[in-house]
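Me: I'm new to this one and would like a close look at a single part of it. Could you take me through one strand and what surrounds it, and then go a little further out?

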Amino acid sequence: MKKSVVLETIKREKFVPVIRAGETEDARKAVKILSDCGIKVFEITMTVPNAVGLIAELNETDILIGAGTVLSRRQAEKCIEAGAKFIVSPAFDAETVKFCNHKNIAVMPGCLTPTEVLTAWNAGADCVKIFPCDALGGAKYLKTLKTLFPHIEMMPTGGVSCETIGDFFQSGAFAVGIGTDLVDVKAIREGNLEIVSEKARKYLEIVRNL
């Protein structure tokens, strides 16, 4: 899949569930439940046990899979070899961005300050993950950054909920990353799957009306 298509898909779908779990099976179940509800893009974090293997497994399905919490060029290489279509990091690492550019893979390094955002964009980031966005004011902070850098695509992560997601897009978000508010691993482990499905359907309904 071409990088341009990957980015267009993420922009169209509007949100990316961040799959972070202490057990591989919990992560697998989370993807299954959410994809059955109609969610099409997922970020598998490298904190999931056997994350690379899970990415390879999910790459055989019709959903768009990326890797998250990627901390180095080497990790990015392993994820891309497994089939990851985009790479997300919690911080900016120049070598990782350079490698992804070389491989023509979408890369979204994490930044918070204006200096970090501009540095990452100038280094070749396709989109800058604003993280943790809630720490500096959430959607209001994103709006400030977009005022400074209207040409830079930004994906805020942290503080996104059904109540705030609309504010993030009004502030100029390219897409948003959603963690525990959507990916409720505890509920999945306890078998309360309808709680997770209901929240997924709610998010999908909200973004359809944005």
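Reply: Here is a walk that starts at strand 2 and moves outward from there.

A word on the ground rules. This is a predicted model, so local features need pLDDT of at least 70 and side-chain atom pairs count only at pLDDT 80 or more, while totals for chains, interfaces and linings use all residues. Residues are numbered from 1 along each chain as its sequence is written, and side-chain values use heavy atoms, with hydrogens and water left out.

Strand 2 covers residues 41-45, and 5 of its 5 residues are buried. Buried means under 20% relative accessible area, with over 50% being exposed and anything in between partly exposed (1.4 Å probe, protein chains only). Strands here are DSSP runs of E with at least two residues, helices are runs of H or I with at least four, and both are numbered from the N terminus. V41, E43 and T45 point one way from the strand, F42 and I44 point the other way, and all are buried.

Now for the neighbours. Two strands pair if DSSP finds at least two bridges between them. Strand 1 (residues 15-19) pairs with strand 2 in the parallel sense over 2 bridges, and V18 stands opposite E43. Strand 3 (residues 64-68) also pairs with strand 2 in the parallel sense, over 5 bridges. There, F42 has I65 as its bridge partner.

Helices link these strands. Strand 1, helix 2 (residues 24-36) and strand 2 make a right-handed β-α-β unit. Strand 2, helix 3 (residues 51-58) and strand 3 make a right-handed β-α-β unit too. Right-handed means that, with the strands pointing away from the viewer, the path from the first strand over the helix to the second runs clockwise.

Helix 2 is also the place of D26. At 7% relative accessibility, D26 counts as buried. Leaving aside neighbours within four places in sequence, D26 is in contact (heavy atoms within 4.5 Å) with A21, V185, I188 and R189.

Back on strand 1, there is an aromatic pair to look at. Rings of Phe, Tyr and Trp (its six-membered ring) pair if their centres lie within 6.5 Å; planes under 30 degrees apart count as stacked, over 60 as edge-to-face and the rest as tilted. By this rule the count comes to 1 aromatic pair. The rings of F15 and Y203 have centres 5.7 Å apart and planes at 40°, so the pair is tilted. F15 lies in strand 1 and Y203 in helix 10 (residues 193-208), so the pair ties together parts that are 188 residues apart in sequence. F15 counts as buried at 3% relative accessibility, and Y203 counts as buried at 0%.

On the strand 3 side, have a look at K85. This residue lies in the loop between helix 4 (73-82) and strand 4 (86-88). Not counting residues up to four places away in sequence, K85 touches M1, V6, N59, L64, I65, G66, I105 and A106. I65 is the bridge partner of F42 mentioned above. The C-alpha atoms of K85 and N209 are separated by 27 Å, and these two residues are 124 residues apart along the chain.
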